[in-house]
Number of protein chains: 2
Amino acid sequence: MAKDKKKQPRPKAETPKGFRDYFGADVTERKVMLDRIAEIYHRHGFDPLETSAVETVEALGKFLPDVDRPNAGVFAWQEEAVPGGGSGDWLALRYDLTAPLARVAAQFRNDLPMPYRRFAMGPVWRNEKPGPGRFRQFYQCDADTVGSASVAADAEICAMLADALEAVGIARGDYIVRINNRKVLNGVLETVLPMPASKEQDSHHEAIGQSVTRAMRTYTAELLLSDDILRVIDKFDKVGKEGVRQLLTTGRKDDSGAFIEGIGLSEDLAAPVLVFLTAKGDDNAATLENLRAAVGNSEIGTEGVDELTQIAAMLKAMRVDEDRVVIDPSVVRGLGYYTGPVFEAELTFEILDDKGRKRQFGSVAGGGRYDGLVERFTGQKVPATGISIGVDRLLAALRAKGLAGAETGGPVVVTVMDRDRMADYQAMAAELRAAGIRAEVYLGNPKNFGNQLKYADKRGAPVAIIQGADEAARGVVQVKDLVLGAKIAAEASLDEWKSQPAQTEVPRNELVAEVRRILG
Amino acid sequence: MAKDKKKQPRPKAETPKGFRDYFGADVTERKVMLDRIAEIYHRHGFDPLETSAVETVEALGKFLPDVDRPNAGVFAWQEEAVPGGGSGDWLALRYDLTAPLARVAAQFRNDLPMPYRRFAMGPVWRNEKPGPGRFRQFYQCDADTVGSASVAADAEICAMLADALEAVGIARGDYIVRINNRKVLNGVLETVLPMPASKEQDSHHEAIGQSVTRAMRTYTAELLLSDDILRVIDKFDKVGKEGVRQLLTTGRKDDSGAFIEGIGLSEDLAAPVLVFLTAKGDDNAATLENLRAAVGNSEIGTEGVDELTQIAAMLKAMRVDEDRVVIDPSVVRGLGYYTGPVFEAELTFEILDDKGRKRQFGSVAGGGRYDGLVERFTGQKVPATGISIGVDRLLAALRAKGLAGAETGGPVVVTVMDRDRMADYQAMAAELRAAGIRAEVYLGNPKNFGNQLKYADKRGAPVAIIQGADEAARGVVQVKDLVLGAKIAAEASLDEWKSQPAQTEVPRNELVAEVRRILG
């Protein structure tokens, strides 16, 4: 298999490029966070699903919803075709958790309860160029409801997302879940270029030289929502209203002076898009009123506003206030991918960026409603809606706020003064553990006692236990408070530190009580 | 990438051959079990490590310790060599958690605390022929101590394993951790064919026509411990003492009458091997005495018995009795792979096999001491010892004993009688959840109420909530005890069931209290 590799005397001890290892607290903090999210999802009736990392390329298809990584590829290989063994299929590592859900929903459609609420947490893989902080394996955490056309499913997921953010420690007021609806944008565009109602009207478009496919005829708006327009709308966060207007029409000079060409819409076509993007009012009622005016008589637009109105009512019934989940038409991420409601969760507190400047933390989750999920496999449209939390970003946010601190303290380290009395030291560690205290015996070469204290330091040990022959003979142990010791060392002179006031001698049978006193 | 695939109208909704999905309780039960094990490992000072699924083939090497799956291959592929992008390296999915540990221990040897205690839990992948119950992705759960030559590390791991088994619910008396030592076997063989002490003696072996390499000279015993002998010893569990004697010497007829050739040792050479395998006495002291007699003056053998003696003493100090962890020379699994102490955990209770016959559950974990871990990368020998729990087997055992039952109950299902009052139903579910009760609203098409009850049944719902227009007007809800309902349905006639005694009407504001009463 590795035929073309040169013979090397020793292999390199390296992760492949773009991959990394997670040590200790890295693992624990993420686990604590995901456990809290899982508990919220579970309480909302969502069931865990764990698919395998490997899928057939055929089943995965091309389904990447992540607008941030449009060029992401997959890691794939072909199985050897062996009689009774490999199938010759192309296999690949999953690139998200949605494509496997689609496969599962199709494969088990007769067995699963429908609607099917499921959550999934686990690594996904992207075969793309790694960069700083951008890895080729990372965690996703998704919740989706498959098989429900009701926007009650969307409302529920947004409320659940807000609950999940609070469960991991984000305070109310430090986040906002915002909801938009692709159908409203479609409707807004219809007010400008009405939907063709008949063959006669179709010919109008053919007359203007467009190749109109049967599918594209359904809504004229779809015709306009080309990738170009969606790409412009997607920049609303960055360039603002005026920037979007320029990019939709004649073009724009950016801060560096470079000119970015516009996509050539008339001002009349651009205007309603801008009205839509800035329709947010003081509260949901005002926003919905603005949107209703913007979509006029458009059927799809009215449907979209009705959906948002229902979602707002349901959130209210669930006592989820607008300071937690709010209707906001300026949410543009994913409008090109999703078919109905679109959600985004943002953290609103400020952190310092690399250059020490304050900025809002920003998006940590996104999602929405999509229809094509199972259709690829079965030909049947199955409505679905879901949310994906950016695990690494949310964890980074918790760390920035000092909220990721799982109990990650080091163990009590029992040092070894006398190699022959290893059993005694292990008895001490066992007693501490039996009392629920994390503890270990130093297992390296005990010759150099300084090394043992260095080890305890590297382990983040709060306490070291010392018992030499003298202490053993007298039936006592030395208990060294390393946290206090470090404080004294930092603040006092070396001489003062040498007097070791952070070390106390206690009878052997008071070991556990003394350690408990120091830790408590 | 999938160039040679035929164009197909619809992809197949199937997992690749040998892979599977885990639903609901499958996921939860495994998670609860691993969480309990992780807590024990953490309390013993072990830190979690999560390496990526993907390693370079170069770093993985060939290091398979699992004697049950000697022919296991890896899933591997070559990266495209792209300037600034892919490296052209061969990459592969990890086939165990030990090879990545070796890479980590070498890569981070200057940063990690040494000795390094780490545990790891996660999927591994084997590119081998799948079979019934044999999958190409499965979980492993390992704990290892790297960088300690002290058998205190071995004793600690065995005690920890016993604690872990009890933590997941295996009762004391239902398991036994057994310890053997490769060095004792080496020593036993030395008593027959003594170690060459000088060049002169070396020539003796050359004289008998053996090609003796420099490395093989270290212990003559190594010369004997060819794969052949280890393969025979490995069958001790199945064929017993007499069977091993026959296989070591002239051969054996098995139950089917087929003759299996022996490996041609003389009876004199075979005898001490048999003494070793059957050296277990009534207690550790007796076993150690038998072993000491068996190794005679052999240096390596004495060292092995000394190690076991120390391990026994340390276990005693940790108050781990011999009914939990015991010295037992009949443990043969892995003797060929490991270099010192070898461990195995067996579940001793009986279960019924496929054919309804009683049999002991058997092995659920194994491990031992090995030296080659980091040497491949750095050239330096780094002693290490570890244990691997068979996650699927242990989980199967817990299920067989009815001990895997995580809280996997279905949610309370709020049914939908009136589509326009979705907000009311969601308010009910939200109230239940706020009281800590798992609850969801039915999100399918509400037209057919029978479908809603079927759904509740499929979800394993303990309670269904019903509120039609009439109940809403009167300010009440119907609370249906589905568990009681199912009991009545099973025991009573359909007529009696129709009177629905398991359904009660309560004021709307007593909803939560009534559900609590039923669940409690």
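Trainee: Which domains is chain A divided into?

Mentor: Chain A has domain 1 (25-195 + 226-400) and domain 2 (412-519); such bounds come from an automatic or database domain assignment. The C-alpha centres of domain 1 of chain A and domain 2 of chain A are 52 Å apart. Please keep in mind that this is a predicted model, where local features need pLDDT of at least 70, side-chain atom pairs count only at pLDDT 80 or more, and totals for chains, interfaces and linings use all residues. Residues are numbered from 1 along each chain as its sequence is written, while chains are lettered from A and ligands numbered from 1 in the order in which they are written.

Trainee: What makes a residue of chain A count as buried?

Mentor: A buried residue has 20 or more other C-beta atoms within 10 Å of its own, an exposed one has 12 or fewer, and a partly exposed one falls in between, with C-beta atoms placed from the backbone. In chain A, 45% of the 520 residues are buried.

Trainee: Why are the two copies described as related by a two-fold rotation axis?

Mentor: Copies are superposed by least squares on the C-alpha atoms of residues with pLDDT of at least 70 in both. Chain A then lies on chain B with an RMSD of 0.2 Å after a turn of 180° and a shift of 0.0 Å along the axis. The two copies are therefore related as by a two-fold rotation axis. In chain A, Trp77(A) has the C-alpha nearest the axis, 2.9 Å from it.

Trainee: How many residues of chain A are in contact with chain B?

Mentor: Contact is a matter of C-beta atoms, placed from the backbone, lying within 7 Å. By that rule, 90 residues of chain A are in contact with 90 residues of chain B. The side of chain A that touches chain B holds 43 nonpolar, 22 polar and 25 charged residues. Here Ala, Val, Leu, Ile, Met, Phe, Trp, Tyr, Cys and Pro are nonpolar, Asp, Glu, Lys and Arg charged, and the others, Gly among them, polar.

Trainee: How do you know that E2 of chain A and E1 of chain B pair?

Mentor: Strands (E, at least two residues) are DSSP runs, as are helices (H or I, at least four), numbered from the N terminus. Two strands pair if DSSP finds at least two bridges between them. Strand E2 (residues 47-50) of chain A and strand E1 (residues 22-23) of chain B have two bridges, in the antiparallel sense, so they meet that definition. Glu50(A) has Tyr22(B) as its bridge partner in E1(B).

Methods:
Two residues are in contact if their C-beta atoms, placed from the backbone, lie within 7 Å.
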